[in-house]
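Let's take a walk through this structure together, one spot at a time. Keep the picture open and turn it as you read.

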Amino acid sequence: MSHDHAHGSHVTARTDRRWLLAALVVIVVFMAGEVAAGILAHSLALITDAGHMVTDAAAIGVAVIATRIAQRPARGAFTYGFARVDALSGQVNGMTLLLLATWFTVLGVRRLIDPAPVHGGVVSVVAIVGVAVNLLATWLAGRANRASLSVRGVLGHLLTDVWAFLATFAAGIVIVVTGWARADAVASLVVAALMTWTGWRLVRAAGRVFLEAAPHGIDPQRLGATMAAVGGVAQVHDLHVWQLGNGAVAMSAHVLVSPPNDCHDVSARLRSLLAEYYGI
């Protein structure tokens, strides 16, 4: 038995894609300006932020494609449908973040050892604008279905960018006030650390879906005991509960019904219980 918490209609899926595409436009426009500003100011922190925004744009693009594919009905060899494309998208986003974090860490350490002159004023102005732009993009993307790992991946990218721009803004102020150019490298390392944390969470969440682990908040043993306590249930065994993707949770179990209870009546009561208390 299964129940889909995510949006089931194509209209809602199209709405999700519109919100994500609006966020994509905002990100791409600002990213182009930030690259130019980073080159002008000789700021690794701005270039790092811009590089992260490239992954933001890619994450949104992947999420748009994933939401479209996930809506396709089961057919041909894909008898279970395409719901797990959502988890695949989240995993790709997470791994991209981890790889970029490694690269930016190397660049940041090099800048710490051999700092370059940085225009702190430009860094500060671009960073504070970046905070506003990413908050707007986060709001737009957040209007989509947050149960989706694709959308969660996008939000993870964007929220990381908000904190990254705050760190970059702080570095720009430090450079303006003290002239300490290494603050730019420190900010880039902070961004890399945030990317690592977000990337690992996405990879781990996608891994739970692929390994068919029980969703967070559902203890299979307690779930089985709750079902066994329902009137007319003699025994519950072979119980499995897992997440399909897009917030959809599925469960299967063999339930023995004690006579003279009607199996259809017991089944209906079990389904009602699972839907009300466990969202299954």
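Before we start, one term: a residue is called buried when its relative accessible area is under 20%, exposed when that value is over 50%, and partly exposed in between. Also keep in mind that this is a predicted model.

Start with Ser188. You'll find Ser188 in helix H6, which covers residues 182–210. Is Ser188 buried or exposed? Its relative accessibility is 0%, so Ser188 counts as buried. And who is around it? Setting aside the neighbours within four places in sequence, Ser188 touches Leu44, Ala45, Thr48 and Gly108.

Now slide over to Trp180. Trp180 sits in the loop between helix H5 (149–178) and H6. Because its relative accessibility is 42%, Trp180 counts as partly exposed. Trp180 also has company on the surface: with Val174, Val186 and Val190, Trp180 makes up a nonpolar patch, and together they have about 300 Å² of accessible area.

Next, the aromatic rings. How many aromatic pairs are there? The count comes to three. One of them joins Trp19 and Trp139: the ring centres are 5.8 Å apart and the planes meet at 85 degrees, so this pair is edge-to-face. This pair ties together distant parts of the chain, since Trp19 belongs to helix H1 (residues 10–41) and Trp139 to helix H4 (residues 120–142), 120 residues apart. Trp19 is partly exposed, at 23% relative accessible area, and Trp139 is partly exposed too, at 48%.

Trp103 and Phe104 give us another aromatic pair, and this one is stacked, with 5.1 Å from centre to centre and 25 degrees between the planes. How do the two partners sit? Trp103 has a relative accessibility of 49%, so Trp103 counts as partly exposed. Phe104, on the other hand, is buried, because its relative accessible area is 2%.

Let's finish with helix H7, residues 220–228. Which residues are buried there? Leu223, Gly224 and Met227 are. Looking around the axis, these three cover an arc of only 100 degrees, so they lie on the same side of H7. Turn to the other side of H7 and you meet Gln221 and Arg222, which are exposed. So when you rotate the model around this helix, look for Leu223, Gly224 and Met227 on one side, and for Gln221 and Arg222 on the other.

How values were computed
Residues numbered from 1 in each chain as written. Predicted model: local features only at pLDDT ≥ 70, side-chain atom pairs only at ≥ 80, totals over all residues. Heavy atoms only, no water. Helix = DSSP H or I, 4+ residues; strand = E, 2+ residues; numbered from the N terminus. Buried < 20%, exposed > 50% of the residue type's maximum accessible area, 1.4 Å probe, protein only. Contact = heavy atoms within 4.5 Å. Patch = residues over 30% accessible without salt bridge, like charges linked within 9 Å, V, L, I, M, F, W, Y side chains within 5 Å. Areas by Shrake-Rupley, 256 points an atom, 1.4 Å probe, with all protein chains shown as cover. Salt bridge = Lys/Arg side-chain N within 4 Å of Asp/Glu carboxyl O. Phe/Tyr/Trp six-rings, centres within 6.5 Å; stacked < 30°, edge-to-face > 60°. Arc of directions from axis to C-beta.
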